Amino acid sequence: MKILVAVKRVIDYNVQIRVKEDGSGIVTDNVKMSTNPPDDNAIEEAVKIKEAGKATEVVAITVGEEKAQETVRKALAVGADRGIHVKVDGILEPLAVSKILQKIVDKEKPDLVFMGKQAIDDDCNQTGQMLSALLNWPQATFASKIDVKDNKLEVTREIDEGLETIEINVPAIVTCDLRLNEPRYASLPNIMKAKKKPIEEILASDLGVDISSRIEQLKVEEPPKRKAGIKVANVAELVQKLKNEAKVI
Amino acid sequence: MAVLLIAEHNNKELRPFTLNAAAAASQIDSDVHAVIIGQNTAEAAKQLSGLSVVKKVLSVEAAHYENFTAENFAPVIVKLAENYSHIICSANTFGKNLMPRIAAYLDTSQVSDIIKVISPDTFLRPIYAGNAFATIKSNDNKKCVTIRPTSFDPCESTGGSASIEKVEASEEFSNTKFVKREEIKSDRPELGTARIVVSGGRGMQSGDNFKLITEIADKLGAAIGASRAAVDAGYISNDHQVGQTGKVVVPDLYIAIGISGAIQHLAGMKESKVIVAINKDGEAPIFSVADYGLEADLFEAIPQFMEELNKLNTIQK
């Protein structure tokens with residue numbers, strides 16, 4: 001079984017982002033970038049499945065500018081076998097990314113495609129589901145547990161009401177939750193080894209898909225700030241404030 | 001052209017956020033039609049037809065719709081979409097799972113999780129865990145939009161008298177099988193709609209200690225929330241998680257106990273009307289959004305909090 005894992009380069013989750021003064025977007029210059037956190041879980045799960053002898057190859061793919069390749073390199077350092085970098089400038093919408101991934105799936109013919117359930121920059125939560133639709137494959141979204149059984153997967157999904165378990169036939173798409181596993185760190189020798197693993201570079205423009213923007217970003221602004229609160233001295237004061245000042249209890 | 005709302009329900013009755021999504025839909029266009037897909041949904045369909053803003057109900061029933069599988073739902077909606085300018089659904093796990101599948105079939109770039117309708121093609125949505133708001137305009141002919149339910153007041157549950165029209169079911173998608181659902185039943189208010197939420201974080205130190213949170217929640221008639229750290233540590237189940245990848249809550253009162261306030265958690269609760277933080281680390285970022293902060297050891301503060309609540313003659317429910 002071959003697993004394709006899609007990873008995205010985003011502003012690191014620990015960075016307090018800043019809105020550009022002209023309202024055109026978010027400041028990304030000289031800001032720490034990392035792999036989108038649940039994409040790390042997707043890579044980890046694919047590597048674990050391979051280590052358990054249930055997959056033969058793990059291919060990491062990213063779609064993005066020159067530097068996005070770092071995320072593929074990182075995936076190689078934690079166990080992916082080879083990488084694909086679809087090069088494109090600018091920000092793509094999830095629909096465009098899923099069309100690119102569809103082309104790659106047609107070529108690579110993986111049995112499974114994994115990715116994070118949502119990217120923490122645009123918070124769209126769309127790409128996996130869209131790719132499933134384009135391929136007409138089953139989709140297991142928000143996965144917190146995956147059992148590989150021959151040509152089937154049993155997947156536990158985190159839903160608002162609790163947990164749901166579904167069984168999907170391969171080929172299939174799985175989008176991963178942060179609770180799926182604990183991503184490993186790359187060891188130094190593995191980072192060195194990863195430098196020798198191949199990354200195929202493909203120009204998005206060579207794939208013949210429509211990746212034009214359908215959505216215009218008119219303005220990005222800071223959310224309204226909360227006005228500063230106070231510290232109370234003790235519990236009695238807190239309860240008195242909630243009762244008589246805020247009038248919420 | 002009318003807008004099509006996808007109702008969320010449990011086959012027996014509507015889920016409450018359908019009313020919020022209906023209200024958002026009516027801000028886009030007053031001609032709101034609603035589709036309900038499921039099995040044995042007659043009662044829920046009737047409820048839907050009574051919503052103040054709904055003009056027409058489309059009902060699709062088949063055994064393979066019983067468990068809300070997106071692969072089964074999407075083709076029906078795609079077929080209906082022909083007659084509508086917008087497809088609308090709540091941005092909870094039901095809508096998040098389903099809508100992108102519809103959007104891709106329609107070759108539409110979805111607009112996720114809007115918090116405001118500016119015009120029928122322009123919307124406000126949070127990005128970067130709510131640390132920025134983007135105003136975006138969709139140029140697709142057909143628009144697929146998911147709405148953040150807590151950002152819209154629900155429509156009236158009565159006053160409507162929409163007709164209910166049957167629609168033919170689509171074929172079953174055979175490569176996805178539902179196995180089971182483990183729903184955590186509780187007599188407490190739902191986290192998403194509760195007036196008061198009491199949440200615990202890593203500072204609780206164990207699942208057992210969450211009993212302290214439960215007591216306060218029972219006293220206040222509150223729902224129980226948790227930070228991702230507390231869920232990851234196994235103190236409490238995932239359906240309680242508040243934050244960027246969990247639930248977004250906007251209660252009148254949010255009490256954060258032993259929660260440091262990572263930006264991912266703040267994303268899920270900082271729109272709450274009144275925020276209380278109890279934490280022994282005075283520098284914890286949760287205090288930056290708290291209206292009332294108490295720097296204290298929670299294991300001393302919670303029992304005292306309970307004592308003080310017991311002294312009150314009345315507590316709002």
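Visitor: In this predicted model, which strand is the place of B:Ala2?
Guide: B:Ala2 belongs to chain B of a predicted model. Its place is in a strand that covers residues 2-6 of chain B, namely β1.

Visitor: Is B:Ala2 buried, exposed or partly exposed?
Guide: Count the C-beta neighbours inside 10 Å, and B:Ala2 gets 17. Buried would take 20 or more, while exposed would take 12 or fewer. Because 17 sits in between, B:Ala2 counts as partly exposed.

Visitor: Which residues does B:Ala2 touch, leaving out those up to four places away in sequence?
Guide: One to look at is B:His33, which is 31 residues apart from B:Ala2 along the chain, with 6.9 Å between their C-alpha atoms. B:His33 is indeed on the contact list. The full set is B:Asp29, B:Asp31, B:Val32, B:His33 and B:Tyr84.

Visitor: Zooming out, what radius of gyration does chain B have?
Guide: Chain B has eight helices and 16 strands, and its C-alpha trace spans about 60 × 40 × 40 Å along the principal axes. For 317 residues, a compact globule would come out near 20 Å. Chain B agrees with that, at 21 Å.

Visitor: How much of chain B is made up of buried residues?
Guide: Start with the contacts in chain B that have a separation of 6 or more: 66% of them join residues 24 or more positions apart. As for burial, the share of the 317 residues that is buried is 59%.

Visitor: How many residues of domain 2 of chain B are in contact with domain 1 of chain B?
Guide: The split puts 2-166 in domain 1 and 196-311 in domain 2, with 31 Å separating their centres. Domain 1 of chain B brings five residues to the contact, by class one nonpolar, three polar and one charged. On the domain 2 side, the count is eight.

Visitor: How many residues does chain A put into its contact with chain B?
Guide: Chain B contributes 72 residues, and these divide into 32 nonpolar, 21 polar and 19 charged. From chain A, the contact takes 64.

Visitor: Which residue is the bridge partner of A:Val220 in β8(B)?
Guide: Here strands from two chains pair up: β12 (residues 215-221) of chain A and β8 (residues 132-138) of chain B. They run antiparallel, with six bridges. Within β8(B), the partner of A:Val220 is B:Ala134.

Visitor: Which are the edge strands of the ten-stranded open sheet?
Guide: The order is β11(A)-β5(A)-β4(A)-β1(A)-β6(A)-β10(A)-β7(A)-β8(A)-β9(A)-β11(B), and the pairing is mixed. On average, neighbouring strands of this sheet are turned by 25° against each other, direction ignored. An edge strand pairs on one side only, and that applies to β11 (199-203) of chain A and β11 (176-183) of chain B.

Visitor: Which residue in β4(A) stands opposite A:Leu4?
Guide: Strand β1 (residues 2-6) of chain A pairs with β4 (residues 57-64) of chain A in the parallel sense, over five bridges. The residue of β4(A) that stands opposite A:Leu4 is A:Val59.

Visitor: At about what angle to β4(A) does helix α3 of chain A run?
Guide: Helix α4 (residues 127-135) of chain A packs on the sheet too, touching β6, β7 and β10 of chain A and making about 70° with β7(A). Helix α3 (residues 94-108) lies across β1, β4, β5 and β6 of chain A. Its angle to β4(A) is about 150°.

Conventions:
Residues numbered from 1 in each chain as written. Chains lettered and ligands numbered in written order. Predicted model: local features only at pLDDT ≥ 70, side-chain atom pairs only at ≥ 80, totals over all residues. Helix = DSSP H or I, 4+ residues; strand = E, 2+ residues; numbered from the N terminus. Rg over C-alpha atoms; globule rule 2.2 N^0.38 Å. Contact = placed C-beta atoms within 7 Å. Nonpolar A, V, L, I, M, F, W, Y, C, P; charged D, E, K, R; others polar. Pairing = 2+ DSSP bridges. Domains from an automatic or database assignment. Axes fitted to C-alpha atoms, helices over the stretch in contact; angles between N-to-C directions.
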